[in-house]
Amino acid sequence: MTGPLSARPRCDATAAWAALQGHWQAHGRSLDLREAFARDPARFQTFGVQAPEVFADLSKNLIDTATLQFLLDLARECGLENHRDAMLRGEAVNTTEGRAVLHTALRAPTGAATPFNAEVQGVLAAMLAYAERVRADEHITDIVNIGIGGSDLGAQMVVPALDAFSRRGKRLHFVSNVDGHDITPVLRGLDARRTLFIVASKTFTTQETMANAAVARAWFIEQGGTDIARHFAATTTNVAAAAQFGISTTFGFWDWVGGRYSLWSAIGLPIAIAVGADNFRALLAGAHAMDRHFAEAPLAHNLPVLLGLLDVWYRNFHGFASRSVAPYHQGLARLPAYLQQLEMESNGKRVDLQGRPLPLGTSPVVWGEPGTNGQHAYFQMLHQGTEVVPVEFIAVKTPSHPHTDLHTKLLANCLAQSQALMMGKTAAEAEAEQAPTAAAGMAPAVLASHRSFPGNRPSTTLLLQALTPHSLGALIAMYEHRVFTSGSVWGINSFDQWGVELGKALCSQLLPRFASGDASGLDASTAGLLARLRTETGPRA
């Protein structure tokens, strides 16, 4: 990144930040959603935003039109638009690694004026042709993707989400954890003669992935398998290492494809096998539609931008340290885990682009479960806990199953939860109600204090007409650009992940110590744990 982008002021040193701080002190921190809706019957229309495939109701957030204007001023003064355009042009916005960030180029259509279009389309065509051959091969019934992080989470999230579009007779399995308890039950149910393994590793050196791949290959041979070239494929740029492993079918990608942005690349091979070439292209097309929205829509109507600015508002002014994602669609069960990597690996940073320590919080903790399961687990804390946690509800209007009564109940629960978070319940209202499960003889006022809800707790509701390849692609791209927006305002590099390196390096140093028992130079805790684990490891009956 060159020019003014590399030398821009830190966000908290701008005039726009000072103005936003003043607004927060005077009005923002005291906004009451119940009063805001009472004053403005059109609030839903004012804060409803339509983007490709996704409608967002932002009206239950702790903002008003003035807040939004201050946040937009901050985005402009921090150079968000220039930073966005530099990324889309292919400038090296990943400054610490000197790389471009071009996951948007992976979903651009043939002939688009985007960097590397011909190369991208060539790999895509080859990958999809192979996927179609696997889909047509009735001899192959099981496909096992072996990867970790970005080489696992994207496909593992998308495949069940698009189950309605999947090829029957093909079972997809995902192995990522180096813990043998992950791969062992998967292999137990497979027939080596009818299984295809996909080894997903850009460098073909990822420790966990290669360890699991070695186990899979040994199992395959033990089961009488002989044709590794037919039963193993790889998504990697290290063709030589894959060939040494015995793999001849490989699909590569580029150093500007970050792991957590890679499902659009050859890493999406399991998705393509599950849903087919046409549906995979629809997934890309949905993401591309959101890319155009992010690039072209005015900031005031730009959904990823508005969501990213809300994250700044909540993290740095309200002090909310986490956000809960509650998809009311079982197909999106793995979306919270996918978003954990996307957001926390991208924006979990403590220094800015110039390496200066940041005096403000960055990525919130992202967590969640599908509704309605979450309601019977952690929603108690959301409604009555001491911490305020913004919640993101995702609802899908049209189900892909015939059980309309179940779907109506699901949607009613979704709306009820966001309503309850906002409205709450006063002690007077609680005292006036009957509570048949309450302890006999408890003082009404005491019982009411247990049964009251503070309310005024913010939420966003995202609505999709149906969960399709196109709409899912748009939804994922929306989250990617949202993360870019907040990271850009904070002035951090959202595209490196040095935080994962230290533990990996120390693991490599510790591995030989399990054999030797040498604890020299280790801290007392690590040395003590090593000694106990060396004497206690081994198979259990």
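User: I'm looking at strand β7. Which residue there is the bridge partner of Ala 234?

Analyst: Let's begin with the general idea. Strands of a sheet pair through backbone hydrogen bonds, either parallel or antiparallel. In this predicted model, the bridge partner of Ala 234 in β7 is Thr 250. Two bridges join β6 to β7, and these strands run parallel.

User: What is the order of the strands in the sheet they belong to?

Analyst: Read across the open sheet, the five strands come as β4-β3-β5-β6-β7, with parallel pairing. At the edges you'll find β4 and β7 (250-251), each of which pairs on one side only.

User: And how many bridges are there between β3 and β5?

Analyst: Five bridges join that parallel pair. To find your place, look at Asn 145, whose bridge partner in β5 is Ile 198. Moving one step along the order, β5 and β6 pair in the parallel sense over four bridges. There, Phe 197 stands opposite Phe 232 in β6.

User: How do I read the side chains of a strand? Which residues of β6 point which way?

Analyst: In a regular strand the side chains alternate between the two faces of the sheet. In β6 (residues 232-235), Phe 232 and Ala 234 point one way, Ala 233 and Thr 235 point the other way, and all of them are buried.

User: What about β1: which of its side chains are buried?

Analyst: Strand β1 (residues 48-51) alternates too, and there Val 49 and Ala 51 share one face and are buried. Gly 48 and Gln 50 point to the other face and are not buried.

User: In which sense does β1 pair with β2?

Analyst: β1 pairs with β2 (residues 54-57) in the antiparallel sense, over four bridges. The two strands make a hairpin with two residues between them. Glu 53, in the turn, has a positive phi of about 70°. Ala 51 stands opposite Val 54 in β2.

User: Now a helix. Which residues of α9 are buried?

Analyst: In α9 (residues 180-188), look for Ile 183, Val 186 and Leu 187, which are buried. Looking down the axis of α9, you'll see its buried residues within an arc of 95°, so they line one face of the helix. On the other side of α9, His 181 and Arg 188 are exposed.

User: What covers the buried residues of α9?

Analyst: The cover includes three strands, β3 (142-146), β4 (171-175) and β5 (195-200), along with helix α10 (207-222).

User: Let's pick one buried residue. What does Met 478 touch?

Analyst: Find Met 478 in helix α21 (residues 469-490). Its relative accessibility is 0%, so Met 478 counts as buried. Setting aside residues up to four places away in sequence, Met 478 touches Val 54, Met 290, Leu 303, Pro 304, Leu 307 and Leu 462. You've already met Val 54, opposite Ala 51 in the hairpin.

User: And what is His 288 in contact with?

Analyst: His 288 sits in helix α14 (residues 277-296). With a relative accessible area of 19%, His 288 is buried, because the cut-off for that word is under 20%. Leaving aside neighbours within four places in sequence, His 288 is in contact with Arg 107, Ala 108 and Pro 109.

User: On to charges. How many salt bridges are there?

Analyst: Side chains of opposite charge can pair when their charged atoms come close. The count here comes to 26 salt bridges. One of them joins Asp 496 to Lys 349, with the closest N and O atoms 2.8 Å apart. Asp 496 lies in the loop between α21 and α22 (501-516) and Lys 349 in the loop between α16 (335-347) and β9 (365-367), so the pair ties together parts that are 147 residues apart in sequence. Both Asp 496 and Lys 349 are buried.

User: Which residues are linked in a network of salt bridges?

Analyst: The network links Asp 311, Arg 323, Glu 343, Glu 392 and Arg 482.

User: Last one: which residues form a nonpolar patch on the surface?

Analyst: Look for Phe 514, Leu 529 and Leu 533, which together have about 270 Å² of accessible area. Leu 529 is found in helix α23 (residues 524-536).

Definitions and conventions:
Residues are numbered from 1 along each chain as its sequence is written. This is a predicted model: local features need pLDDT of at least 70, side-chain atom pairs count only at pLDDT 80 or more; totals for chains, interfaces and linings use all residues. Side-chain values use heavy atoms; hydrogens and water are left out. Buried means under 20% relative accessible area, exposed over 50%, partly exposed in between (1.4 Å probe, protein chains only). Two strands pair if DSSP finds at least two bridges between them. The arc is that of the directions from the helix axis to the C-beta atoms. Contact means heavy atoms within 4.5 Å. Patches are made of residues with over 30% relative accessible area and no salt bridge: like charges are joined within 9 Å, nonpolar side chains (Val, Leu, Ile, Met, Phe, Trp, Tyr) within 5 Å. Accessible areas come from the Shrake-Rupley method with a 1.4 Å probe; for residues, only the protein chains shown count as cover. A salt bridge is a side-chain nitrogen of Lys or Arg within 4 Å of a carboxyl oxygen of Asp or Glu.
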